[in-house]
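Dear colleague,

I am handing over the structure below for your consideration. My notes on it follow directly after.

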Amino acid sequence: LGHAKIVKISMRHLLVAAVVLLSAVSIWAIHRVGLTKHLSVSLHVSQTRQTQIVFGIVSIAGVLLMAFGLWGWMFPAYGVSMPTRWLFGLVLLGFTILAAFPYVLETWRAPVHNIAAWGMAALIPFAMLSTIGWTNVIAVKAIAGFLSAANVLLLGCTLSFATMKRHFLFLQSIFMVNFFILLVLLTYAG
């Protein structure tokens, strides 16, 4: 294999490495401070300086891996349009802001963090929907549509029903897992 081919193959796997890093650091932070089901991952992270620093560093590394995987392999491999690349770029910017500016109550970081978090939550279903046209594999299209619809439903439930807010961590986790599953699916099955 030539050097360029090896680099391209390696870049493909960066998405999975990013998903593992982002998932692992979230689980670590929640475990470190103790699980509270009505709190978001961010509110778990914000409870100690250690979780803020570790989460920030590992998450930014994960976002960089995801960016290299998307722009270095996935977007060229699927011939993704520039508007869709910008959409994913905004999602990654949201991840970066969340990592760099943890939610700290009664500071300027709290509203910045909230705008990025809810903005990213609003954009992710659109980014997911855009992937339906990337492949001709019917099963992948169907799964992309299902996961996108599930995330719209999860977002709507979170915003609409007070009783669902008591399970915010669970809903948020499923929302992110759906997004990550789709990225991994497109990496290996699309």
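Phe146 is exposed, with a relative accessible area of 60%. In this predicted model, the residue belongs to helix H6. Its C-alpha atom is 9.4 Å from that of Leu129, a residue 17 positions away in sequence.

A second aromatic residue, Phe179, is situated in helix H8. Phe179 has a relative accessible area of 2% and therefore counts as buried, the cut-off being under 20%. Setting aside residues up to four places away in sequence, Phe179 touches Phe88, Val91, Phe95, Ile124, Met128 and Asn151. Between the C-alpha atoms of Phe179 and Val25 the separation is 17 Å, with the two positions 154 residues apart along the chain.

Several of these partners recur in the description of helix H4. The buried residues of H4 are Thr84, Arg85, Leu87, Phe88, Val91, Leu92, Gly94, Phe95, Leu98 and Ala99, and they pack against H3, H5 and H8. H4 runs from residue 82 to residue 100. Its 19 residues reach 26 Å from the first C-alpha to the last, close to the 27 Å expected at 1.5 Å a residue.

Helix H5 can be examined in a similar way. H5 comprises 22 residues, 109-130, and should span 32 Å at 1.5 Å a residue; the C-alpha atoms at its ends are 31 Å apart, which agrees. Where does H5 kink? The kink, of about 25°, lies at Leu123, shortly before the proline Pro125. Pro125 is itself one of the buried residues of H5, alongside Ala110, His113, Ala116, Met120, Ala121, Ile124, Ala127 and Met128. The cover over these buried residues includes helix H2 (41-45), helix H4 (82-100), helix H6 (138-160) and helix H8 (168-188). Ile124 and Met128 are among the residues that Phe179 touches.

Two loop residues also deserve a note. Val80 lies in the loop between H3 and H4. Is Val80 buried or exposed? With a relative accessible area of 7%, Val80 is buried, because the value falls under 20%. Beyond its neighbours within four places in sequence, Val80 is in contact with Met74, Phe75, Arg85 and Trp134. Of these, Trp134 is 54 residues from Val80 along the chain, yet the two C-alpha atoms are separated by 7.0 Å. Arg85 is among the buried residues of H4.

Glu106 is found in the loop between H4 and H5. Glu106 has a positive phi of about 60°, although it is not a glycine. At 77% relative accessibility, Glu106 counts as exposed, since the value is over 50%.

Finally, there is a feature of the surface to report. Ile60, Leu64 and Phe68 make a nonpolar surface patch of about 270 Å². Leu64 has its place in helix H3, which covers residues 49-78. Its relative accessibility is 48%, so Leu64 counts as partly exposed, that is, between the limits of 20% and 50%.

With kind regards

How values were computed
Residues are numbered from 1 along each chain as its sequence is written. This is a predicted model: local features need pLDDT of at least 70, side-chain atom pairs count only at pLDDT 80 or more; totals for chains, interfaces and linings use all residues. Side-chain values use heavy atoms; hydrogens and water are left out. Helices (H or I, at least four residues) and strands (E, at least two) are DSSP runs, numbered from the N terminus. The expected span of a helix is 1.5 Å times one less than its number of residues. The bend at a residue is the angle between axes fitted to the seven residues ending there and the seven starting there. Buried means under 20% relative accessible area, exposed over 50%, partly exposed in between (1.4 Å probe, protein chains only). Contact means heavy atoms within 4.5 Å. Patches are made of residues with over 30% relative accessible area and no salt bridge: like charges are joined within 9 Å, nonpolar side chains (Val, Leu, Ile, Met, Phe, Trp, Tyr) within 5 Å. Accessible areas come from the Shrake-Rupley method with a 1.4 Å probe; for residues, only the protein chains shown count as cover. A salt bridge is a side-chain nitrogen of Lys or Arg within 4 Å of a carboxyl oxygen of Asp or Glu.
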